[in-house]
Amino acid sequence: MNATAGATARDYFSLFQLEPDFALDETALERAYHALLTQFHPDRYAGKPQVEQRVAAQFCADINSGYRILSDEVSRAEYMLQQAGVDLVAAERVGVESTFLMTQISLREQLEELEPSDAAGRQSLTEEIEGHYAGSRDQFASTLATDARLDAARHWQEMCYLSKLLSEPKLRVS
Amino acid sequence: MVLLQIAEPGAAPEASTERQVGVGIDLGTTNSLIAHFDGNDLNVLTDDTGQASLPSVVYYGDSQTLVGADAERYASAEPGNTIASAKRMLGRSREEFEDDPYIQLTPGEGLAFATDAGTKTPVEVSAAILTALKDRAGPQLSGPISGAVITVPAYFDDAQRQATRQAAELAGIKVLRLLNEPTAAAVAYGLDEQAEESSVLAVYDLGGGTFDISLLRMRAGLFEVLSTGGDSALGGDDFDRALAVHLLDELSIDEPTVVQRRVALALARNAKERLSDKTSVDLDVSGLDTAASEVTVSRSTLEALLFPYIDRTLTACRQTLADANVDTVDRVVLVGGSTRTPAVRQAVTDCFGLEPLCNLDPDQVVAMGASRQADILVGNRQGDEALLLDVIPLSLGLETYGGLVERIVDRNSTIPVARAQEFTTARDGQTGLVVHVLQGERERVEDCRSLARFELTGIPPMVAGAARIEVTFQVDADGILAVSAVEQQTGARSDIVVKPAFGLDEAQITDMLKAGYEHASEDMLARQLGEALVEAEALLDGLLAAMTADGDLLSADETAALQSDMKNLETVMAANQPDDIRGATEILGNACEVFAARRMDRSIQKALQGVSLSQLESDVVEESTP
């Protein structure tokens with residue numbers, strides 16, 4: 001009955017037996033995810049007493065959440081900040097630095113001016129955003145490692161913005 | 001592998017004493033099928049006349065109920081008593097069908113058909129079809145059915161899945177799993193067992209009443225649904241209707257009677273099927289009561305009529321590719337009788353740029369795949385079998401201020417899934433909160449499907465915004481939702497398994513089942529008792545073994561409490577009352593849930609050790625792995 005039992009309390013890195021490192025080994029994560037699901041998916045308990053099916057379903061929900069969060073860099077960063085006790089709402093109120101704001105405006109303008117038929121322009125803008133994203137991500141990793149949590153939270157916000165920009169329909173190949 | 005008797009990875013699986021009979025059922029809009037896989041041979045079961053497809057039609061006359069081709073014969077003479085395509089209405093609301101001239105609804109509330117045998121709901125009609133399929137199994141299989149995998153369109157929402165489960169319950173069929181139809185089709189082609197590199201598969205399923213497009217990724221025995229799309233009200237029936245309307249127009253029948261519509265539909269279906277091989281057909285329209293006796297229809301006329309429908313399927317295909325962020329697919333599988341239409345095949349080939357797989361009968365492929373999965377789930381094959389991972393087809397959310405929907409579980413999340421979100425009160429002193437659960441992709445409440453409303457009461461009066469109410473959505477492996485809401489400071493909580501608002505409620509189901517029991521033979525009661533005893537014994541045995549192995553996970557008090565519940569169950573078992581046994585089993589089951597969860601935690605370590613050892617030679621092992 002305890003729908004939430006364990007759903008938020010579990011440490012996902014230890015669930016998958018990984019070091020709590022932002023630069024995680026994605027192959028190892030995937031392998032552990034599949035190993036856990038293979039053993040604990042409710043289908044494995046289809047003919048078994050209902051309590052087993054229920055517990056397996058709850059546990060798999062946890063495994064799926066953990067995988068979803070850790071397998072994506074932006075959500076993994078957010079999760080690590082939360083685990084480190086950073087108040088994300090407060091961090092978002094502080095926002096990003098003004099130099100990044102300028103980058104934001106420039107990228108947004110370029111996106112707006114992009115003609116749908118301009119494949120080369122789309123390609124180069126995508127690469128530019130990806131470059132900024134990689135920079136923010138690396139800075140996130142190094143600031144988090146040195147416990148500069150507020151700096152890390154700022155770089156995480158940059159990652160959020162840039163990854164959202166990359167998923168803009170205008171940048172996606174039709 | 002049993003949760004309460006967790007085996008060492010790599011240890012020999014427990015051997016089943018006897019082979020269990022699992023069946024796969026494709027409960028289709030137009031036709032339904034049942035198939036059985038015995039580990040070697042796959043059989044699609046047939047009726048007395050050798051027909052595999054059972055038309056999903058039920059006739060409710062004043063003296064008899066008929067299913068299939070026998071029922072179809074009454075379609076023209078007694079259209080009101082002959083129910084076809086009931087699957088379209090499973091778990092849906094009356095408002096969605098009120099304007100449909102092909103359906104005769106009962107007056108008043110709810111979605112039901114008025115027949116000479118009384119009011120019949122879509123769930124009951126589906127149950128009648130399932131029962132007819134189940135009856136085929138008796139003479140053709142080695143033993144009684146232990147369980148069934150029933151397929152549903154990937155697009156089915158929570159209410160529709162619940163309604164399907166209810167129909168099975170009414171038919172006395174134990175559901176092992178509701179499986180998405182496209183997933184079943186991929187299993188039928190054995191694509192899940194091919195040990196090739198990660199590859200992407202598109203399943204294009206155009207049946208009588210639903211269109212589904214699914215993208216699946218397969219790798220190393222794992223089978224994952226990347227995204228699904230489609231339209232739960234688009235299919236070959238639309239082709240037939242479009243052609244029927246065209247025929248009626250051609251003959252200048254402006255206000256057709258119900259019978260004329262039926263006849264025109266039957267003619268249209270026949271013409272469409274014949275046009276798969278011919279470029280032009282002549283139809284005998286004397287049954288339509290008009291001056292003309294013959295009408296000629298060409299394939300190009302049909303294709304022009306079909307174009308808008310086929311185009312809608314291609315739009316959905318492109319959307320689904322975009323959702324999964326996939327540019328190319330490696331294979332395409334065709335499912336559903338409507339994919340026999342040449343124009344459909346050509347459109348699919350052009351859209352994906354490759355020839356689709358279609359060597360298995362597109363009408364049977366779903367039931368075939370379901371039967372393979374049923375054989376696994378029923379426990380005949382153990383070890384490292386392929387696992388089918390599914391996703392939830394539509395987002396789930398809650399109503400918030402201003403009629404907006406706050407999304408909590410995104411569509412295409414892998415299930416089972418649980419998500420929690422915190423809400424607060426809007427007014428000072430507010431002591432209750434109405435939780436309105438919705439499913440769909442749109443932002444406004446009126447554009448989404450309302451699944452349930454319930455009220456959380458007992459919130460202590462506080463200033464607005466001070467209460468913290470956590471709402472948790474939990475979706476099981478069948479895609480069925482349970483919601484709970486807890487006020488964090490007082491612990492006030494409400495739980496609800498979301499029941500289809502437009503289906504039957506639990507009490508109605510119980511009444512129907514009871515009505516069945518009253519007429520049930522001694523045999524049936526004995527079977528029920530047997531089933532209850534087996535379930536009780538399985539739980540007792542498992543728990544006993546678990547307590548022996550991992551008793552240290554329980555405190556002395558917890559052990560004593562469990563022992564008391566076990567003793568109670570044993571006492572009840574001696575009295576031979578199925579209901580009591582089921583009740584005591586449930587109590588013990590709930591009581592040992594925490595224990596089972598602790599054992600599961602303990603076994604994670606072992607599960608992962610197995611993996612790292614098997615990967616040692618080729619891969620770098622994480623330093624943290626002990």
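What percentage of the 174 residues in chain A is buried? Buried residues account for 39% of the chain in this predicted model, and the views below look at where some of them sit.

**View 1. Chain A is built from eight helices and zero strands.** Following the sequence, you will meet the pattern α-α-α-α-α-α-α-α. The C-alpha atoms occupy a box of roughly 60 × 40 × 30 Å along the principal axes. The radius of gyration of chain A is 20 Å, where a compact globule of 174 residues would have one near 16 Å. Of the contacts with a separation of 6 or more, 57% join residues 24 or more positions apart.

**View 2. Helix α2 of chain A (residues 26–40) is mostly covered.** Here 12 of the 15 residues are buried, among them A:Ala28, A:Leu29, A:Arg31 and the run that ends with A:Gln39 and A:Phe40. A:Tyr33 and A:His34 are also buried in α2(A). At 1.5 Å a residue, this helix should span 21 Å, and its end C-alpha atoms are indeed 21 Å apart, so the two values agree.

**View 3. Helices α4 (residues 73–83) and α8 (residues 149–166) of chain A cross at roughly 155 degrees.** Their axes come within 10 Å. Because angles over 145 degrees count as roughly antiparallel, α4(A) is roughly antiparallel to α8(A). The crossing of α4(A) past α8(A) is left-handed.

**View 4. A closer look at the residues where α4(A) and α8(A) meet.** From α4(A) come A:Glu73, A:Val74, A:Ala77, A:Glu78 and A:Leu81. Their partners in α8(A) include A:Arg149, A:Ala152, A:Trp156, A:Met159 and A:Ser163. A:Ala153 and A:Cys160 belong to the α8(A) side too.

Definitions and conventions. Residues are numbered from 1 along each chain as its sequence is written. Chains are lettered from A and ligands numbered from 1 in the order in which they are written. This is a predicted model: local features need pLDDT of at least 70, side-chain atom pairs count only at pLDDT 80 or more; totals for chains, interfaces and linings use all residues. Helices (H or I, at least four residues) and strands (E, at least two) are DSSP runs, numbered from the N terminus. The expected span of a helix is 1.5 Å times one less than its number of residues. A residue is buried if 20 or more other C-beta atoms lie within 10 Å of its own, exposed if 12 or fewer, and partly exposed in between; C-beta atoms are placed from the backbone. The radius of gyration is taken over C-alpha atoms; the globule rule is 2.2 Å times the number of residues to the power 0.38. Two residues are in contact if their C-beta atoms, placed from the backbone, lie within 7 Å. Axes are lines fitted to C-alpha atoms, for helices over the stretch in contact, and angles run from 0 to 180 degrees between N-to-C directions. Angles under 35 degrees count as roughly parallel, over 145 as roughly antiparallel, 65 to 115 as roughly perpendicular and the rest as oblique. A crossing is left-handed if the near helix is turned anticlockwise from the far one by less than a right angle, and right-handed if clockwise.
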